[in-house]
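Trainee: I am new to this structure and would be grateful for a close look at a single part of it. Could you take me through one group of helices and how its members pack together?

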Amino acid sequence: MNNSREITDIFFDLDHTLYDFEANAKATFDDAFRQYNVSLQSDFMTVFTPINDKYWQKLTHNQISRETLRYGRLKDSFDVLGLSVDDETIHNISDFFMENLCKKGKVFPGTFEILDYLKPKYKLHLITNGPEKIQHQKLEVTKLKPYFRTMTTSEKAGVKKPYPQIFEFALKAAQTQPHQSVMIGDNPEADIEGAINAGLGAVFFNEKKAANPKKFTEIYHLEQIKNIL
């Protein structure tokens, strides 16, 4: 990232960056499986997470619908685990998951500490591909809402990250310019490349310490942002 920028605005991704999606998803699925009598002998999230990532990749590029994602990621996960779960139960679990995930409020370590550090210095915003209503509910349950001036969702913008139009929409809503702005997120394509292509600075939240072949500016813990901004 170009440190010569005079930054005024910081844009965060929500899921997997501030909101601990995997921890909250695990707790929600545990509740759903108890309710619908699905018995697992292994860690569901180990199978579900990479499958979910692949479905989200397709959704990001408009190759599938949200309905296909919500059914397919569960069906494929159960198939990998060798579980025979009928379609009605899969749909019921999917509906339960969408209705109840936003009631779970675990955030990544350092979330409140870094937001408290940044808020007096910068205007803070969100850009997310998640559903509008559910993302607002997550902000309420996590108590993150007061930190952010704007939240741009793909539903509101009419286009998903990494396409430049969503960043342009977010910049306009925030009344700022690309060269004054930085995006922080966990997805190298959607968050980082998308932001850079739109003219923003970008910081890759690489909490899982994944490969970073393009050498994006990266952090492994949110409080490391203090070393950059």
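Mentor: The account below follows three helices in turn, then the way two of them meet, and ends with some individual residues elsewhere in the chain. Please keep in mind throughout that this is a predicted model.

Let us begin with helix α1, which runs over residues 21-35. At 1.5 Å a residue, its 15 residues should span 21 Å, and the end C-alpha atoms are indeed 21 Å apart, so the expected and computed lengths agree. The buried residues of α1 are Phe 21, Asn 24, Ala 25, Thr 28, Phe 29, Ala 32 and Phe 33. These residues cover an arc of only 165 degrees around the axis, and therefore they lie on the same side of α1. Among the elements that cover them are α2, α3 and α4, the last of these being residues 87-100. After α1 comes Asn 37, which has a positive phi near 55 degrees.

One residue of α1 deserves attention of its own. Thr 28, which lies in this helix, has a relative accessibility of 0% and so counts as buried. Leaving aside neighbours within four places in sequence, Thr 28 is in contact with Phe 96, Phe 97, Asn 100, Leu 101 and Lys 104. A further pairing is that of Thr 28 with Lys 103: the two are 75 residues apart in sequence, yet their C-alpha atoms are 8.7 Å apart in space.

The next helix is α2, residues 44-60. Its 17 residues should span 24 Å at 1.5 Å a residue, and because its end C-alpha atoms are 24 Å apart, the two values agree. Buried in α2 are Phe 44, Met 45, Val 47, Phe 48, Thr 49, Ile 51, Asn 52, Tyr 55, Leu 59 and Thr 60. These buried residues pack against α1 and α3.

Helix α3 covers residues 66-80. For its 15 residues the expected span at 1.5 Å a residue is 21 Å, which agrees with the 21 Å between its end C-alpha atoms. Its buried residues are Arg 66, Leu 69, Gly 72, Arg 73, Leu 74, Ser 77 and Phe 78. They pack against α1, α2, α4 and α7, where α7 is residues 154-157. Just after α3, Gly 82 takes a positive phi of about 75 degrees.

We may now consider how α2 and α3 meet. Two packed helices are described by the angle between their axes and the distance between the axes. The axes of α2 and α3 come within 9 Å and cross at roughly 150 degrees. The crossing in which α2 passes α3 is right-handed. From α2, the contact is made by Phe 44, Val 47, Phe 48, Ile 51, Asn 52, Tyr 55, Trp 56 and Leu 59. From α3, the residues taking part are Arg 66, Thr 68, Leu 69, Gly 72, Arg 73, Leu 74, Asp 76, Ser 77, Phe 78 and Val 80. Sorted by class, this contact has 11 nonpolar, 4 polar and 3 charged residues.

Some residues elsewhere complete the picture. Leu 200 is in the loop between α9 (188-197) and β5 (201-205). With a relative accessible area of 2%, Leu 200 is buried. Not counting residues up to four places away in sequence, Leu 200 touches Arg 5, Phe 11, Phe 167, Leu 171, Pro 178, Ser 181, Met 183 and Ala 195. One of these, Phe 167, is 33 residues from Leu 200 in sequence, while the C-alpha atoms of the pair are 8.7 Å apart.

Finally, there are points of backbone geometry to note. Most residues other than glycine have a negative phi, and most peptide bonds are trans. Lys 143, although not a glycine, has a positive phi of about 65 degrees. It lies in the loop between α6 (132-142) and β3 (150-153), and Lys 143 is exposed, with a relative accessible area of 64%. Gln 175, also other than glycine, has a positive phi near 55 degrees. This residue is in the loop between α8 and β4 (181-185), and at 72% relative accessibility Gln 175 counts as exposed. The peptide bond from Lys 161 to Pro 162 is cis, with omega near 20 degrees, and Pro 162 is found in the loop between α7 and α8 (164-174).

How values were computed:
Residues numbered from 1 in each chain as written. Predicted model: local features only at pLDDT ≥ 70, side-chain atom pairs only at ≥ 80, totals over all residues. Heavy atoms only, no water. Axes fitted to C-alpha atoms, helices over the stretch in contact; angles between N-to-C directions. Helix = DSSP H or I, 4+ residues; strand = E, 2+ residues; numbered from the N terminus. Left-handed = near helix turned anticlockwise from the far one by under 90°. Contact = heavy atoms within 4.5 Å. Nonpolar A, V, L, I, M, F, W, Y, C, P; charged D, E, K, R; others polar. Expected span 1.5 Å × (residues − 1). Buried < 20%, exposed > 50% of the residue type's maximum accessible area, 1.4 Å probe, protein only. Arc of directions from axis to C-beta.
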